[in-house]
Amino acid sequence: MPDWTGAGAGSLFSTINPFPLGANVTYESVRNADLGTLGNTLSSLDELVSKLATLDDDARNMERMAWASEWRGENAGVTKPVVERAANKFIAAHEQAQSLHNILQSFWSDLYECQEALERYEQNAEHWGAHLSPDGTIRSAEPPHITLTQARTVDLMPFGESVPPETLESMNVLAHEIARVIETAAESDRVAARELSTLMSRSEGQFSAPRSPTMRDAADAQALEDARAVVDLGSKEDKTTADWRRMGEHFGLHADDPLFAQYVIDSLGMDAYLALGQELDYAATELASANVDIESIRTGMGNTFVTAMQPPGTMETHPPGSPAYNAWIQETSEGRAYQRRLDALNAIGTDVPYHPTPFSPDRRTGYDIALDLLEAADLPVDDQFFYQLTSDLIDLELEHPGAWDRERYSDGTPRDIRNDAVDRLLGIGAQNNPEAVAAFFDPEGNGTGKDHVGNSHLDYFIGEGDNARRPPRVALEYVTAFDFSPGSPGLAAALETAATGLSLGSQPGAEYTGHSAANARIAEQIWNTFAADPSRVAAESAFNYLAPTLGHIGAEYISDVHLGINGVDTAYGTSPRPDFTDTGTEHLVRELAKNVQANAAMTAANQAYLQISIDEIVTSGDRSISDMRADISDLSYPSGFLSGALADARATDIYESQISSDESRNAVVDTVNTWTDRALNVAIYETLGSDFPGLASLADAVKGDVTEWTFGLLKVDNSDSAEADAIAEIDSSLTEHQDVGEAAVMAAIERSEVDFTPRDGQSLVNSSRSQIDAGYRVSYADPSPRTDK
């Protein structure tokens, strides 16, 4: 064991630190760090602390007895202070050893957790579509197996082999997560070294009371020190490049620390903090020329803002407006401080925080800058803050109609969608916190018992009547008949996310547990609201921009669409389910089918669900042939019916429109890939569960079959005859759908442990083909004016 009292911090730490002295902390150094010496030191310290604890108790007793006794006189007056000093040395020795143990234990625990995290990333890298090598190199899991650096370069250059955009995004997310782990290890190393240095240098080889008894105290002290530096630098009227760089470093280290975040914003003031964010934008050109990482600073400021605006609990325990939430706001110092920040944000919300010149063209308000910061952050916005701020913005637009009409942003179009602060905030929530968006839209409200708070947000955004929302308008729309509204993309994203539980473009993975009860309730109200009047999402209607959103919701809940149209329950899942109306679902589907994106999503999901479900029926091993035949028939009829309705819309479009250019339609065929994967992953990871056999091979087979078939179905090549094309669409779609069902049966038989005779297999195929045909022919209508069929 090292000589603790005589060793300097450098020699002490170099003896036990798993990282080489003076070297940078890297992926390999963290992954391969030998924690054995540090662990042995902790074991020795455990014994030392235990022994010193006994001496500590004896020393305190000795001191108490000396001063409490009747001992008087000159000898006593000299001896008692000596006894006190001796006792204090033993007490201090115990405290110092305990502090030393705490520091090293925290350091060891941090490194151990970091090693475990890197090991998990290596083992599960395929979830990100990547391979992670022992030296930290990230490569795409699928060909061309290029590194992340190469993928980023190819993404910017029009040459070389590339990876799909979603794979590149996933690889970037993995790299970001790894960087966080390495930074955690490096920060723990820095804090431990600093605290050991302070502890040992102050002792000068003697026992002394420690400065910081725990690593948490040390981290807090450093966070406050750096927060004070940010406040000082941020308060300077003329900031240098070095000032911005230093602030960026501090934001990068402590943005997720509430102590740091709250101190910075409370000390600067919310208006000054938002002005600082605006000032960063003005300094961007100068900073970029000095190679300052502006995006990193902006992300750090965004994360600091997110961290400072985090009430305790959740929407389930402390929904805004509930007694529990109000008590925290009114009765605790933390609650009062949070409310002051929120009040300050609302106070500066409609004003411009920063005026570099009297004629500055930047007209962004406090709310705009706050949303800029939330968009820049890579931490999820808090669910209660999201709920409260969105509600405050709604209150503002109700009190001041036209609050978002003013053009603060301009992208060269008649209307820049960023000017609608409410819609923009919904989009932010949809992107980084699906649970927060679901809580905001849940028609059942949030909280329980006396803390339950209801809401009618869905009625406000998609309802009808005087109490429904009126989107912002530009001046020309008030005096002309023109409508420049691009729709509300934030609302569209938020509705889809709230209904499905997944942010746009994301895919369920092994950790996916299915839809929540709130997701199902939201999906049900959205669907049934428009099923009551499908014309509201028709072309040229106010909510036409929501047609893809509703198509995606239908694709997510495809078995519930079957049930709503045909009254046949084909679901095998365990998730909470919506109750789609049986009086309007078919009409809504037929209206949505006219939208290419909605049609593609539901077509892909219908096909994937058909294959997955047939495979489950055949491979489960607990049904007789007759039962399998009956189940396949029950499944195939509504699947065929839905396929016919979707094909009918495509055929009608071909006949009536005779599209001269197919580019717009073909451009959205990528939707097929997304929703084939989505339907498969939902079925595999949630609907059918871990008991479903042959998941991996089935996933590959279904993705190949469905994607190839649906691509061929939707890629249009118009000929001179619209009628011939329409009829061909109807006929080929039926045949292809039947072929998919047959292929699913045959593939499932090959995977099944049951011995099927050729006759048994053919009977199952016949059941699928005949019922697909029956459902299909009932659902489509000949688009031509012919009377014969």
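Trainee: What share of the contacts in the protein with a separation of 6 or more comes from residues 24 or more positions apart?
Mentor: This is a predicted model. Its fold consists of 32 helices and 2 strands. For contacts with a separation of 6 or more, the share from residues 24 or more positions apart is 73%.

Trainee: How much of the protein is buried?
Mentor: The accessible surface comes to about 35700 Å², and carbon and sulfur atoms hold 50% of that area. Of the 789 residues, the buried part is 51%.

Trainee: Which helix gives the largest share of the largest nonpolar core?
Mentor: That core has 129 residues, and those with the most contacts inside it include Phe305, Phe385 and Trp527. The largest share is 9 residues, and it comes from residues 596–619, helix H26.

Trainee: How many residues are in the other core?
Mentor: This other core lies apart from the largest one. Val25, Phe107, Ala151 and Ala185 are among its members. Its residue count is 35.

Trainee: Which residues is Phe385 in contact with, leaving aside neighbours within four places in sequence?
Mentor: Phe385 is one of the residues with the most contacts inside the largest core. With the sequence neighbours left aside, its contacts are Phe305, Met309, Pro311, Tyr338, Leu342, Leu345 and Leu374.

Trainee: What is the orientation of H24 and H25 to each other?
Mentor: Two packed helices are described by the angle and the distance between their axes. The axes of H24 (residues 558–566) and H25 (residues 585–592) come within 8 Å and cross at roughly 120°. Angles of 65 to 115 degrees count as roughly perpendicular and those over 145 as roughly antiparallel. H24 and H25 are therefore oblique.

Trainee: Which residues make the contact between H24 and H25, and what is their make-up by class?
Mentor: H24 contributes Val561, Gly564 and Ile565, while H25 contributes Thr585, Glu586 and Val589. By class, the contact has 3 nonpolar, 2 polar and 1 charged residues.

Trainee: How many of the 9 residues of H24 are buried?
Mentor: The buried residues are Ile558, Ser559, Asp560, Val561, His562, Gly564 and Ile565. H24 is largely enclosed by the rest of the structure, because the buried count is 7 of the 9.

Trainee: What phi does Gly567 take?
Mentor: Gly567 comes just after H24. Its phi is positive, at about 70°.

Trainee: Is Ser503 buried or exposed?
Mentor: Ser503 sits in the loop between H21 (489–500) and H22 (517–531). Not counting residues up to four places away in sequence, Ser503 touches Ala430, Gln431, Pro434 and Thr497. The C-alpha atoms of Ser503 and Gly429 are 9.1 Å apart, with their positions 74 residues apart in sequence. The relative accessibility of Ser503 is 14%, so Ser503 counts as buried.

Trainee: Where is the cis peptide bond that has omega near 15°?
Mentor: Most peptide bonds are trans. Pro144 is found in the loop between strand S2 (138–140) and helix H5 (148–156). The cis bond runs from Pro143 to Pro144.

Trainee: What is the relative accessible area of His145?
Mentor: His145 is also in the loop between S2 and H5. Although not a glycine, His145 has a positive phi of about 55°. His145 is partly exposed because its relative accessible area is 40%.

Trainee: Is Glu540 buried or exposed?
Mentor: Glu540 lies in the loop between H22 and H23 (547–556). Its phi is positive, about 75°, although Glu540 is not a glycine. With a relative accessible area of 80%, Glu540 is exposed.

How values were computed. Residues are numbered from 1 along each chain as its sequence is written. This is a predicted model: local features need pLDDT of at least 70, side-chain atom pairs count only at pLDDT 80 or more; totals for chains, interfaces and linings use all residues. Side-chain values use heavy atoms; hydrogens and water are left out. Axes are lines fitted to C-alpha atoms, for helices over the stretch in contact, and angles run from 0 to 180 degrees between N-to-C directions. Helices (H or I, at least four residues) and strands (E, at least two) are DSSP runs, numbered from the N terminus. Angles under 35 degrees count as roughly parallel, over 145 as roughly antiparallel, 65 to 115 as roughly perpendicular and the rest as oblique. Contact means heavy atoms within 4.5 Å. Ala, Val, Leu, Ile, Met, Phe, Trp, Tyr, Cys and Pro count as nonpolar, Asp, Glu, Lys and Arg as charged, and the others, Gly among them, as polar. Buried means under 20% relative accessible area, exposed over 50%, partly exposed in between (1.4 Å probe, protein chains only). A nonpolar core is a set of buried Ala, Val, Leu, Ile, Met, Phe, Trp, Tyr and Cys residues joined through side-chain atoms within 4.5 Å. Accessible areas come from the Shrake-Rupley method with a 1.4 Å probe; for residues, only the protein chains shown count as cover.
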